[in-house]
Amino acid sequence: LLAGYSPTRGQVLVGPGAGFGLCLSRGCVMVEADMPLVPNEQVLAGHDVRTRSVNAALRLHLRPIEIGDFSIGATFGVLTRILRVSVDGEGASTITSLGIRTSLEAAWRFSGPFEWVFEVGGDAILDSERVSVGPQSFVLEDGFVPWVTTSLRMRPRFDAL
């Protein structure tokens, strides 16, 4: 479950999310995807621009500090964002962007393999796409988008086997 907030857009982030990781000791490689259900709506030069996105990332996750059921970690990886864009309610087009996703997290293992995770991070978009309306064109994404999320994670303990 994706549940968070983006302060640059003043937007709540809510929607499904899924990930899969392969771990060795305190490090993991994760493939993940999320889809905010609330569309991003903004007015650019008098035009109503609405975007919906699907984000997919491949990240390295390191968890160097573990104290009992609590842990602190960091992630770094690549991100692709697939945007469905509609201007003034007209037909939608699909564009993609590439970026870097990084974060710091704190996790609490509250029951068996289940963790509650708090994450603070940001997406640095490397190739912000533009959409054209008549003679005008607009950049759809900010160069850096900070975010805060909370999620539930299942992470089995293999050292307990």
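**Briefing: a buried histidine, a nonpolar patch and some aromatic pairs**

Leaving aside residues up to four places away in sequence, H61 touches R26, G27, C28, M30, A74, T75, E105 and R153. Keep in mind that this is a predicted model. Besides H61, there are two other things to look at here: a nonpolar patch on the surface and a set of three aromatic pairs.

**H61 and its surroundings**

- You'll find H61 in strand β6.
- Is H61 buried or exposed? H61 counts as buried because its relative accessible area is 2%, and buried means under 20%.
- One of the residues H61 touches is E105, and there the two side chains make a polar contact at 2.9 Å.

**The nonpolar patch**

- Which residues make up the nonpolar patch on the surface? They are V29, V31, L58, L60, L62, V78, L98 and L126, and together they have about 710 Å² of accessible area.
- Two strands, β4 (27-34) and β6 (47-67), each chip in at least two residues of the patch.
- The largest share, three residues, comes from β6, and β6 is also where H61 sits.
- V78, another patch member, belongs to strand β7, which runs over residues 70-87.
- With a relative accessible area of 46%, V78 is partly exposed; the cut-off for exposed is over 50%.

**Aromatic pairs**

- How many aromatic pairs does a search of the whole structure find? The search turns up three.
- F70 and W108 form one that is stacked, with 6.4 Å centre to centre and 20° between the planes.
- That pair ties together distant parts of the chain: F70 is in strand β7 and W108 is in strand β8 (residues 93-111), 38 residues apart.
- F70 counts as exposed because its relative accessibility is 52%, while W108, at 36%, counts as partly exposed.
- W116 and F118 also form a stacked pair, at 5.6 Å centre to centre and with 20° between the planes.
- Both partners count as partly exposed: W116 has 37% relative accessibility and F118 has 47%.
- Which residues form one aromatic cluster? F70 and W108 do so along with F110.

**Where to look in the viewer**

- For strand β6, pick out H61 and the three residues that β6 gives to the nonpolar patch.
- For strand β7, pick out V78 from the patch and F70 from the stacked pair with W108.

Note on methods: Residues numbered from 1 in each chain as written. Predicted model: local features only at pLDDT ≥ 70, side-chain atom pairs only at ≥ 80, totals over all residues. Heavy atoms only, no water. Patch = residues over 30% accessible without salt bridge, like charges linked within 9 Å, V, L, I, M, F, W, Y side chains within 5 Å. Areas by Shrake-Rupley, 256 points an atom, 1.4 Å probe, with all protein chains shown as cover. Salt bridge = Lys/Arg side-chain N within 4 Å of Asp/Glu carboxyl O. Helix = DSSP H or I, 4+ residues; strand = E, 2+ residues; numbered from the N terminus. Buried < 20%, exposed > 50% of the residue type's maximum accessible area, 1.4 Å probe, protein only. Polar contact = N/O pair within 3.5 Å; in protein donor to acceptor, adjacent residues only side chain to side chain. Contact = heavy atoms within 4.5 Å. Phe/Tyr/Trp six-rings, centres within 6.5 Å; stacked < 30°, edge-to-face > 60°.
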